[in-house]
Amino acid sequence: MDGIQRTAAVDPQSELAGRLRLIQELSGLGVRALARDAGLSSSSLSRYLSGQTLPPWPAVIALCRLVKRDPRPLRPLWERSSNPLPAPPKSSRQGRPRPRNDLPRDVPDFTGREAELAAVLAAVDSHRAVAVDGMAGVGKSCLAMHAAHRLAADYPDAQLYVDLHGFTEGREPLDPDSALRMLLGALDVPSEKVPREGVEQLAACWRSELASRRVVVVIDNAADADQVRPLLPGAGPSVALITSRNRLLGLDEVPPVSLDVLSPQESAELLARASGDPSGADGRLARDPDSVAEVLRLCGHLPLALRLAAARLRHRPGWTVGILVERMAEGPSEFDTAFAMSVRQLDRSQARLFRMLGLLPGGSFDAYLAAALADVPLRSARAMLEDLVDAHLVQESTAGRYRLHDLVRQHARRAGAEQDSPAEREGALGRFLDYYVHAAAAADSAMPFLSPGRPASAGRPPAALPHFTDKNAAFAWLVAEYENLVAAFETADAVGADAHVCELPRFLRAYFARRCGTTHLNVLFERSLSAAERLGDPLQLAEVHSDLGFARYNAGRMAEADAAYEAAHVRLAQAGDFASEAELALRRGYLKWDEGYVEEPLELFRLAGKLYEQAGSATGTASAAASEAWAMLQLGHRDEAAQRAREVLATPHTDPAWPPTLTARITLGVAIAHEEPDEAAEHLRKALALAREDGHLHNEAWCLNCLGVALRRMGRYEEALTAHRKAFALLDELFEEHWKVRFLNGYAETCRLAGLPEESLRLHQQALELAPPLGYRYEAVRAHEGIATLLDATDPDAATQQRAAGQAILLELGQGGH
């Protein structure tokens, strides 16, 4: 290798590429022939020779062997290339955010697996996907992660990781729908572009996003092929690395790489590296080869067990390997001996926390949850978690968030069942549920909904809760904890913690409104209703009926919403809770308006204001007043509506995103569009900015539509049409057709005045198709009147028929006019 060593380069990777080019010269072969003889693809070899890509170490070995040269002198250079100094972070002023990198860290003691690693990289190169399978603890995830870190430079747009929990004890595997939403969120795909329902639609969206990016995604712990198939990339350069304890025979297009246990030599090398033991004759391992062999046997040559055993040696410099063997031999199995031996090195409080962590249903968690689970101060929980990380019993997946390996969690659960009384385990599970109800309530209070929510009453508040400085911090916490929040709800339902089942969905309303649509929330409230019926508390039952009604209303299920509201109304009359009565009155007012009633909504909004005032809620009182102003506007009382809206905006408050402001600004903007067009436009644009900053896409569409109505009243038809079209483009992306019925007639009227009668007629007819089945009788009346106006000049008889149809709806409602 003398000739190879003389070449110099600017950086390690470039220098390595230069030495590989010398190997090619020594071989006398072209790139294609050299690649064939070395078992590489020609495209990969070209990138290695040009310095574009760092070759895996097995590829370097293969090339050196072809020219009969020792590869070991190149190892230091290759290692410097593998771990370059990090580039300085880009200033935020340079614009583009850093690409997402969710990969857990690459293990520093990765050992062996040269042939398997080469096979993984070759499969990725040829098929853009690979499935690594093998028994538990054999190192599947480590190999996939090691390969993903090697590939990261070639896939700079994102490096993603998702755990499918195919074998996590105590929880169902992650379904493809949830996994796809998590992956699309990790790519920062705007929620309006993400389909609301349907795995096929979500998978198509995922493939479309990957088609134009270079992304590497690790899909860990898959249960079967069906769980993985929707997550695979389609056309484009992105790649996927999959791990599973099962062979994924259903993925014919994905090459498999099966792992066996390590060889005795590799196992010994891993034990030495992970324990920090020197390789010389003076090291503990070298002095006692028989005990080393017994450790390897007890660990079953499984990397996970070997690392746990090595951690004990590393942290116990006074131990001999013989002592390690004695401790390990006390256990019943290869895994449990390693785990139990690790746990025995913990102090009493650390071991107790470890056992309690086994009760968690999976996923990552933070120190606040650990503190609540063990009922210890937050500072103590953080210190104990750091000790558990050092012992390789807990993994710190990202800064401040932790997780347990599946096998470690299983051992923790078994240890808890053996050592902790049923009362102790039940108490820890109760604190887990208490924590999530009260933490969700704290997050919800930082994300104001329609009106102030009630504080959590289920269980006991934990000593420490996350502090949310604003609604953005609260929303970020809800996103990070969503998987655990759903798991907490499922656990509460399974163990009969009915109070928690009732309350938890209530504190997720604001989150679902901004992120997840209405379908899942309806399901949660249906199950909450069953729990409330078991509890029999009138107020609790009334609130769940009210919340279920609101979820039904937002899903366009008007008759079911009406029935739920009526059930809530009957029970609230017994409970005597002003705030809950006020919230229900407000909700019923909007439902009654959409159903076509005139006076009743206004009366309900005024009743809500009085009840909120009795409850001492300034925000609720202002919300009711803003709704009252909106109803006045719909009835044609523009001056009264504007005056009421101005009163709301003049109410003292400190929150720049005060909830009543949005409705008041929209109402005022539309009301004064004729008289004060500039002021009107300013109010509507401020409302639109509030909706966008809040991330509430339905409110954004509402603001855009009302801006269109106001601009039409100003005679600015082209600008009005642009606003309407933006609103409907947003609704198309939300995949919730029923929302369109509220805006179609206003858009149609703008089209008529802008000289687009055919488009106006089409929109009115669309409103007429949607409104009756959904129960929006007011919009049906408006559609009939709009069609009649269009037909007045060309077909008076048909226009008369349309008006008669609208009048029939009004007569059915018991009113002669709207």
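This passage goes through the salt bridges and nonpolar cores of a predicted model.

Charged pairs come up a lot here: scanning the whole structure turns up 46 salt bridges. As general background, side chains of opposite charge can pair up when their charged atoms come close. Three of the pairs are worth a closer look.

Take Asp226 and Arg229, whose side chains form a salt bridge with an N to O distance of 2.9 Å. Asp226 has 55% relative accessibility and is classed as exposed, because the cut-off for that class is over 50%. Its partner Arg229 comes in at 34%, so it is classed as partly exposed.

Next up is the salt bridge between Arg527 and Asp493, at 2.8 Å from N to O. This one ties together distant parts of the chain, with Arg527 sitting in helix α26 (residues 519-535) and Asp493 in helix α23 (residues 471-495), 34 residues apart. Both ends fall in the partly exposed class: Arg527 has a relative accessibility of 25%, and Asp493 has a relative accessible area of 24%. The pair doesn't stand alone, either. Arg527 and Asp493 belong to a salt-bridge network that also takes in Glu490, Asp498 and Arg534.

The third pair is Glu628 with Arg644, where the side chains meet in a salt bridge at 3.3 Å, N to O. Again distant parts of the chain are linked: Glu628 lies in helix α31 (residues 618-634) and Arg644 in helix α32 (residues 638-650), 16 residues apart. What about burial? Glu628 has just 9% relative accessibility and counts as buried, because anything under 20% does. Arg644, on the other hand, is partly exposed, with 26% relative accessible area.

Now for the nonpolar side of things. In soluble globular proteins, nonpolar side chains tend to be buried together. In this model the largest nonpolar core has 86 residues, and the members touching the most others are Tyr553 and Ile666. The top contributor to this core is helix α35 (residues 697-713), which supplies ten residues.

Tyr553 is a handy place to zoom in. Setting aside neighbours within four places in sequence, Tyr553 is in contact with Met558, Ala561, Tyr565, Tyr590, Leu591, Asp594, Arg742 and Tyr776. That list includes the charged residues Asp594 and Arg742 alongside Tyr565, Tyr590 and Tyr776.

There is also a second core, separate from the one above, made up of 74 residues. Among its members are Ala374, Leu404, Ala446 and Val544.

Notes
Residues are numbered from 1 along each chain as its sequence is written. This is a predicted model: local features need pLDDT of at least 70, side-chain atom pairs count only at pLDDT 80 or more; totals for chains, interfaces and linings use all residues. Side-chain values use heavy atoms; hydrogens and water are left out. A salt bridge is a side-chain nitrogen of Lys or Arg within 4 Å of a carboxyl oxygen of Asp or Glu. Buried means under 20% relative accessible area, exposed over 50%, partly exposed in between (1.4 Å probe, protein chains only). Helices (H or I, at least four residues) and strands (E, at least two) are DSSP runs, numbered from the N terminus. A nonpolar core is a set of buried Ala, Val, Leu, Ile, Met, Phe, Trp, Tyr and Cys residues joined through side-chain atoms within 4.5 Å. Contact means heavy atoms within 4.5 Å.
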